[in-house]
Amino acid sequence: METGLIRKNVEAILEGLPQNVELVAAAKTRTTSEIEEAIEGGVGIIGENYVQEAAGAFRDIGHKVKWHFIGHLQKNKVKKAIEIFDVIETVDSLKLAEAINRKCAALGKTMSVFIEINSGKESQKSGVYPEDAIKLVKKIALLSNIKVRGLMTMGPLSGDPENARPYFSNTKELFDKIKKEEIAGVTMDYLSMGMTNSYKVAIDEGANIVRIGTKIFGDRG
Ligand SMILES: *Cc1c(COP(=O)(O)O)cnc(C)c1O
């Protein structure tokens, strides 16, 4: 991409975001120098889908930004993941939460996590079904080295962002419902939803974290 464009893209996106909404730069397949340019533009959170890929960028960039894991986390990658990430956005089972808890306990760490909601109930997708979410949150809340701080959802992908709206609004309803439960140790601070083509709709529906890749870095090759 033309030099300076990534930076300009970030600046333009940040300019248009409401005060309370945080931008995650979804960095899969991007080089460290592309990520650095996004950071120069004002990005404070990098989202990574693969632990191995993140490890390379993290080695160069380190803690000057926050790192969010937004992919599907395999249990054999948990140990490495908890060394890098500030938030794991995609916890969707008790087993995964227990694995994270165990590794964190060994390091004396507490990991902030979001629960990934499969808002479209798509069998091929990750995430807990909405109706099973509260039960899962209550179980994870008992793990002492994990703190549930919000929800994340993708929603079914579609050309028209309006198609995503009901999935976002249902996830916001679930977010409010969990908040009302006042589960000990659980705070519903963050609702992560919306990508390049859907983030404006997501913000309308209550997202306070948006995860944007293409609109920052250009099309993935
Ligand atoms: C790639 C990715 C994004 C960003 O997608 P774009 O359409 O490129 O903005 C957001 N969230 C997750 C989980 C992703 O994997």
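Helices (H or I, at least four residues) are DSSP runs, numbered from the N terminus, and a helix's expected span is 1.5 Å times one less than its number of residues. This is a predicted model, in which local features need pLDDT of at least 70, side-chain atom pairs count only at pLDDT 80 or more, and totals for chains, interfaces and linings use all residues. Residues are numbered from 1 along each chain as its sequence is written, and side-chain values use heavy atoms, without hydrogens and water.

**View 1. The length of helix α1.** Helix α1 covers residues 5–16. At 1.5 Å a residue, its 12 residues should span 16 Å. The end C-alpha atoms are 17 Å apart, which agrees.

**View 2. Two faces of helix α1.** I6, N9, V10 and I13 are buried (under 20% relative accessible area, 1.4 Å probe, protein chains only). Seen down the helix axis, the buried residues of α1 fall within an arc of 95° (from the directions of the C-beta atoms), so they line one face. A12 and E15 are exposed (over 50%) on the face turned away from the buried side.

**View 3. What α1 packs against.** The buried residues of α1 pack against (heavy atoms within 4.5 Å) several elements, including α2 (32–41) and α8 (199–204). Strand β1 (22–26; strands are DSSP runs of E, at least two residues) is also among them.

**View 4. N208 in its loop.** N208 lies in the loop between α8 and β8. N208 is buried, with a relative accessible area of 15%. Its side chain reaches the backbone nitrogen of L191 at 2.8 Å. Beyond neighbours within four places in sequence, N208 contacts N20, V21, E22, D189, Y190 and L191.

Note on methods. Polar contact = N/O pair within 3.5 Å; in protein donor to acceptor, adjacent residues only side chain to side chain.
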